[in-house]
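Student: I am new to this structure and would be grateful for a close look at a single part of it, the contact between the chains. Please describe that part in one connected account.

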Amino acid sequence: AAVPGCYLHPLNVTVRSDHEGTCQGSLVVQACVGHCESSAFPSRYSVLVASDYRRTITSVSECCTISSLKKEKLQVQCPGNRRVSMDIYTARACQCNVCRFARY
Amino acid sequence: TSSYNLSTFVGCTVREFTFVARKSGCRGLRITTDACWGRCETWERPMLRPPYIAAHHRVCTYNETKQVTVQLPNCTAGVDPSYTYPVAVRCNCMGCSTATTECETI
């Protein structure tokens, strides 16, 4: 069962590089996955006035974030036994922190 | 909701919330209502290309709302005593919409 908090979580990543997509490599990288606290409640009067009564709800939240990244080398295997090395990021530490909503 | 163990609860639920409804020209009124609280699943994972981190961030917030209007006490003459606030009917893990919500961090 899920427990509160934000933790490292291994992800299998397969990379196909090259314009033709013929080079391939895979690696386990760390993501951050978890359950952080959030709440929503009626906005204070000052928020109502400042938003012209549109923001009637205030959400106070934290989300699971990557607090530290590190680079790892991924060996990509190409045709003819050619090898290419590329950098790939992996999470080193996780933390319940500021949510990012830029995409929504 | 009192049967939940709050320190281990995972998910998003309606929870009792008490606040003081205030506006200038009236006395405040203490109100206990239904709001939202919980722990939503969120994640971030590395990406090969900029911005290098993909985020899936959701918060526990109002999914279905009803509006309740109360009368604030002791308002000065000419001040409308009515105060309207949202009551949570259902709560869900969702994106925080700045159109309807003041999105803050802890």
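Tutor: The following account treats the contact between the two chains and then turns to some details of the backbone.

The model is a predicted one. Where chain A and chain B meet, 50 residues of chain A and 48 residues of chain B take part in the contact. The size of an interface is often given as the accessible area lost when the parts come together. Here, the area buried between chain B and chain A is about 4300 Å². Carbon and sulfur atoms account for 60% of that area. Of the area that chain B buries against chain A, 14% comes from E44(B), H57(B) and E102(B), more than from any other three residues.

Polar and charged groups also meet across this contact. Between chain B and chain A there are 20 residue pairs in polar contact, both residues being at pLDDT 80 or more. The elements of chain B that each give two or more residues to the side touching chain A are β1 (11-21), β2 (29-46), β3 (53-56), β4 (59-71), β5 (82-94) and β6 (101-105). The most is given by β2(B), with 13 residues. Sorted by class, the side of chain B that touches chain A holds 25 nonpolar, 14 polar and nine charged residues. The number of salt bridges between chain B and chain A is three. One of these salt bridges joins R39(B) to E37(A), with the closest N and O atoms 3.7 Å apart.

The chains are also joined through their strands. Strand β3 of chain A, residues 57-61, runs parallel to β6(B), and five bridges join the two. Within this pairing, I57(A) has T101(B) of β6(B) as its bridge partner.

Some details of the backbone complete the picture. In chain B, P50(B) and P51(B) are joined by a cis peptide bond, with omega at about 5°. P51(B) belongs to the loop between β2 and β3 of chain B. Two asparagines have a positive phi although neither is a glycine. For N81(A), phi is near 60°, and this residue lies in the loop between β4 (63-77) and β5 (83-97) of chain A. For N74(B), phi is about 55°, and this residue lies in the loop between β4 and β5 of chain B. N81(A) counts as exposed because its relative accessible area is 69%, over the cut-off of 50%. N74(B) is likewise exposed, because its relative accessibility is 56%.

Technical notes: Residues are numbered from 1 along each chain as its sequence is written. Chains are lettered from A and ligands numbered from 1 in the order in which they are written. This is a predicted model: local features need pLDDT of at least 70, side-chain atom pairs count only at pLDDT 80 or more; totals for chains, interfaces and linings use all residues. Side-chain values use heavy atoms; hydrogens and water are left out. Contact means heavy atoms within 4.5 Å. Buried area is the accessible area (1.4 Å probe) that two parts lose on being put together, summed over both. A salt bridge is a side-chain nitrogen of Lys or Arg within 4 Å of a carboxyl oxygen of Asp or Glu. A polar contact is a pair of N or O atoms within 3.5 Å; within protein, one must be able to donate a hydrogen and the other to accept it, and residues adjacent in sequence count only if both atoms are side-chain atoms. Helices (H or I, at least four residues) and strands (E, at least two) are DSSP runs, numbered from the N terminus. Ala, Val, Leu, Ile, Met, Phe, Trp, Tyr, Cys and Pro count as nonpolar, Asp, Glu, Lys and Arg as charged, and the others, Gly among them, as polar. Two strands pair if DSSP finds at least two bridges between them. Buried means under 20% relative accessible area, exposed over 50%, partly exposed in between (1.4 Å probe, protein chains only).
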